[in-house]
Amino acid sequence: MLKIENVYKTFNPGTVNEKKALKGLNLELKEGDFVTVIGGNGAGKSTMLNAVAGVFGVDSGRILIGDVDVTNLPEYKRAQYIGRVFQDPMMGTAATMQIEENLALAARRGRPRTLRSGITRAERESYREQLKILDLGLEDRMTAKVGLLSGGQRQALTLLMATLQQPKLLLLDEHTAALDPKTAAKVLEATEKIVQKNHLTTMMITHNMRDAIAHGNRLIMMYDGHIAVDVSGEEKKNLTVEQLLNLFSQASGSDEVDDKLVLG
Amino acid sequence: MTTFFNALPGAVSQGLVWGIMAIGLYITFRLLEVSDLTVDGSFCTGGAVCVTMMVAGFNVWVAMLAALLAGMLTGLVTGFFHTKCGIPAILAGILTQMGLWSVNLAIMSMKANIALNVNNYDLLVSLRYLQDVNKGERPFYQHPILVLVVFTAVLIAILYWFFGTEMGASIRATGANENMARAQGINTNVNKVLGLALANGLVALSGSLLCQYQSYAEINMGRGAIVIGLASIVIGESIFGRVFRNFALKLASVSLGAVIYYIVVQFVVSVLEIDSNYLKVISALIVAFFLAVPHWKSVYFHKKDKKGL
C-alpha cells in the first residue's frame, strides 16, 4: 500500500543548522498493516510522515501509495489518498467553523469543490451517527464552533475527519501526546475502533512504548534517519518494554536510552 | 445641528456605498485573514472603469459589471504576487495598489478626474436623485438609500449562498486553518486568489457606485479606503457582534458599521466643526483602538485554558 524507497531529506543544507533527517529510508507497508513507530527525538519519525504526506519534497528517492508515484505531488493532491491527525490538536480542525462544517470539508477530500451546497441534510444525519461512535456527546453540538471544544475532543473529531472519506493511508503523528493520560487513552481507543472497522492501513507515531506494543500488527523503531528495528506478527505480540529497550541499544550501538522514549 | 440633520440622508447613502467596499474587505480581513491593501487602488479602478464606460455610451449596469470584473482582475494580480511569487500578502497588496495608480490614470485617459453629468446619464444612485426625490421630482423608489439598501441586501444574499457552497467553504477553511485545508485536499493557493479576486471585485463595485453618487471619478478616490473599510468592520462588530451571529447578519453589520462611520464623520464635521482635514487621523486612531481591544483583553484579562475532555 505504501512504499518508501531510499528516501533522503536534509533540512537547511549547507548551513550551521544542517540536519540530515532521513538517510536512505526504506519501508513497505502491506494493505491493512497497522504500524506503530517509535524512536528518540530527531530520529526522523515526523519527517517520514510529513514526507509521505507531502508537507515538503524529498531530496531523492521515491514514495508510492498503491501504484501511484506521489513523490512530486503537492500536499493537497496527496490528500485524496491520506487521512492525517497531527500532534497539535489545533492543527487538524478549523476553529472558527462548525463541527458539521469541518466534517463536510473532510467528506469532500479528494473531490472537486463546486458550487453545490457545502453540506446537505442527508450528510448531517450521517455525521450525527458517526459522531456517536466517538462517545463524546458531539452529536448534539454539531453547529457549535470547533474552537469551543477541548483538545481531546478536537483530536477525536480530526480522527473522524481523517477517516470519513476512506483513506488509503492513515497517518497519526503522536496524536495523543498533547493530551492528558485519561483523554489520551480515550482517543487511542477511538483510533483502534475506527482503524479496525475500516481496515485502514495506518502508521502511528508514539512516544509511549506500551502503546506501541499494545496497538497494531507491526512495530518499527527509527534511529538516525532510518529504520533500526522492525518486528511484526507473533514476535511483536510477545514483545516487552524490556526487550524493546534492548533492541534499541543494539540497533543504536549504545547503552544510552533516550528518556523521552521510556517516559511518555 | 440643522445642517447635521439635513446632511444625514447623504451621509447614510455614502455609508451604504462604502459599506459594500467594507464587505469586500471583510472577506479578505476576516475570512482569509489577510490585510489586503489592494483596495486603495481597486476602489478607484472600479470608479474609473465605470465612468469611462458610461462616458463611452454604455449602460450603467454594463459599466458596473465591467468595474466588478476589473476589480477581480486586480485581486488576481495581488493573489499571483502572493501565492506564485511568495511575496507576503501585505506587500503584494501594496505593489498592486501602487501599480494601479498608473493603470487607473491610463483608464481615465491620463486625466486626474472625469465628471459624469447627472443630466446626461441614467444612473443607479446619485446625490442629485436624493434632492430630486425630496422635491418630488422623482419617484420614491429612486431614493439612493432605498436603492442601496436593496442592492446591499441582494449582494449579501448572493455572498451568503456562495460561502455556503463547497467552493465558498474551501475559501473559509483556507483562512481558518491552512494546514487543515491542505490536509483535506484543498488547494489553498487557488482559494486565496479566489478570495482576493472576489473581495476586490466588490470593492471596485463600490467604487463604481461612489463615482455615480458624486458624479465624478478621481484618481485619489480610493486613498485610505482600507482604513474606512476596517473602521466599518470594527464598528459593526463591536456594536452588533454579540447579537449578529449569522454570516449574513455579520455582513449586514459591516454595512451598518460603514453607515455609522459616515454619520459620525458628518457629526464631527458639521456639529463639532472640526476641520475635515483631521478626519483621516481620527479614523486611524479609532481603527487602531478597536483593533487593540482584543489584544488588551488577552493580556490584561487572561483566562487560564481549560483542560481535558
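This section describes the sheets, the helix packing and the interchain contact of a predicted model with chains A and B.

Chain A contains an open sheet of four strands in the order S2-S1-S4-S5, with antiparallel pairing. The edges are formed by strand S2 (19–29) and strand S5 (68–69) of chain A; each has a single partner strand, so one side of each is left without a neighbour in the sheet. S1(A) and S2(A) run antiparallel and are joined by eight bridges. Within this pair, Lys3(A) has Glu28(A) in S2(A) as its bridge partner. Strand S1 (residues 2–11) of chain A also pairs with strand S4 (residues 60–65) of chain A, again in the antiparallel sense, over five bridges. Towards S4(A), Glu5(A) stands opposite Arg62(A), and the bridge partner of Tyr8(A) is Ser60(A). In general, the strands of a sheet pair through backbone hydrogen bonds, either parallel or antiparallel.

A further open sheet in chain A has six strands in the order S6-S7-S8-S3-S9-S10, and its pairing is mixed. Strand S6 (82–85) and strand S10 (226–232) of chain A occupy the edges, where each has a single partner strand, so one side of each is left without a neighbour in the sheet. On average, and with direction ignored, neighbouring strands of this sheet are turned by 20° against each other. The partner of the edge strand S6(A) is strand S7 (residues 169–173) of chain A, and the two pair in the parallel sense over four bridges. Val85(A) stands opposite Leu172(A) in S7(A).

Helix H1 of chain A is associated with strands of both sheets. With respect to the four-stranded sheet, H1 (residues 45–53) of chain A lies across S1, S2 and S4 of chain A and runs at about 65° to S2(A). With respect to the six-stranded sheet, H1(A) lies across strand S3 (34–39), S6, S7, strand S8 (202–205) and strand S9 (218–223) of chain A, at about 145° to S7(A).

Helix H3 of chain A packs against H4(A) and against H5(A). For H3(A) and helix H4 (residues 121–134) of chain A, the axes are 11 Å apart and the angle is about 105°. As angles of 65 to 115 degrees count as roughly perpendicular, H3(A) and H4(A) are therefore assigned to that class. The contact brings Glu100(A), Leu103(A), Ala104(A) and Ala107(A) of H3(A) together with Glu123(A), Arg124(A) and Tyr127(A) of H4(A). These residues divide into four nonpolar, no polar and three charged.

For H3(A) and H5(A), the axes are 8 Å apart and the packing angle is about 30°. Angles under 35 degrees count as roughly parallel, and H3(A) and H5(A) are therefore roughly parallel to each other. The crossing of H3(A) with H5(A) is right-handed. On H3(A) the contact residues are Ile99(A), Asn102(A), Leu103(A), Ala106(A) and Ala107(A), and on H5(A) they are Leu157(A), Met161(A) and Leu164(A). Seven of the residues in the contact of H3(A) with H5(A) are nonpolar, one is polar and none is charged. Leu103(A) and Ala107(A) thus appear in the contact with H4(A) as well as in that with H5(A).

In chain B, helix H3 (residues 60–84) has 25 residues, which at 1.5 Å a residue should span 36 Å; the end C-alpha atoms are 35 Å apart, in agreement with this value. Just after H3(B), Gly86(B) adopts a positive phi of about 70°.

Helix H10 (residues 225–240) and helix H12 (residues 279–300) of chain B cross at roughly 45°, and their axes come within 9 Å. H10(B) and H12(B) are therefore oblique to each other, and their crossing is left-handed. From H10(B), the contact involves Val227(B), Ile228(B), Leu230(B), Ala231(B), Val234(B) and Ser238(B), which meet Ser283(B), Ala284(B), Ile286(B), Val287(B), Phe290(B) and Leu291(B) of H12(B). By class, the residues of this contact comprise ten nonpolar, two polar and no charged.

Between the chains, 32 residues of chain A are in contact with 24 residues of chain B. On the side of chain A that touches chain B, helix H2 (75–78), helix H3 (99–107), helix H5 (151–164) and helix H6 (181–198) of chain A each supply at least two residues. The largest share, four residues, comes from H3(A). The residues on this side of chain A divide into eleven nonpolar, twelve polar and nine charged.

Conventions
Residues numbered from 1 in each chain as written. Chains lettered and ligands numbered in written order. Predicted model: local features only at pLDDT ≥ 70, side-chain atom pairs only at ≥ 80, totals over all residues. Contact = placed C-beta atoms within 7 Å. Nonpolar A, V, L, I, M, F, W, Y, C, P; charged D, E, K, R; others polar. Pairing = 2+ DSSP bridges. Axes fitted to C-alpha atoms, helices over the stretch in contact; angles between N-to-C directions. Expected span 1.5 Å × (residues − 1). Parallel < 35°, antiparallel > 145°, perpendicular 65-115°, else oblique. Left-handed = near helix turned anticlockwise from the far one by under 90°.
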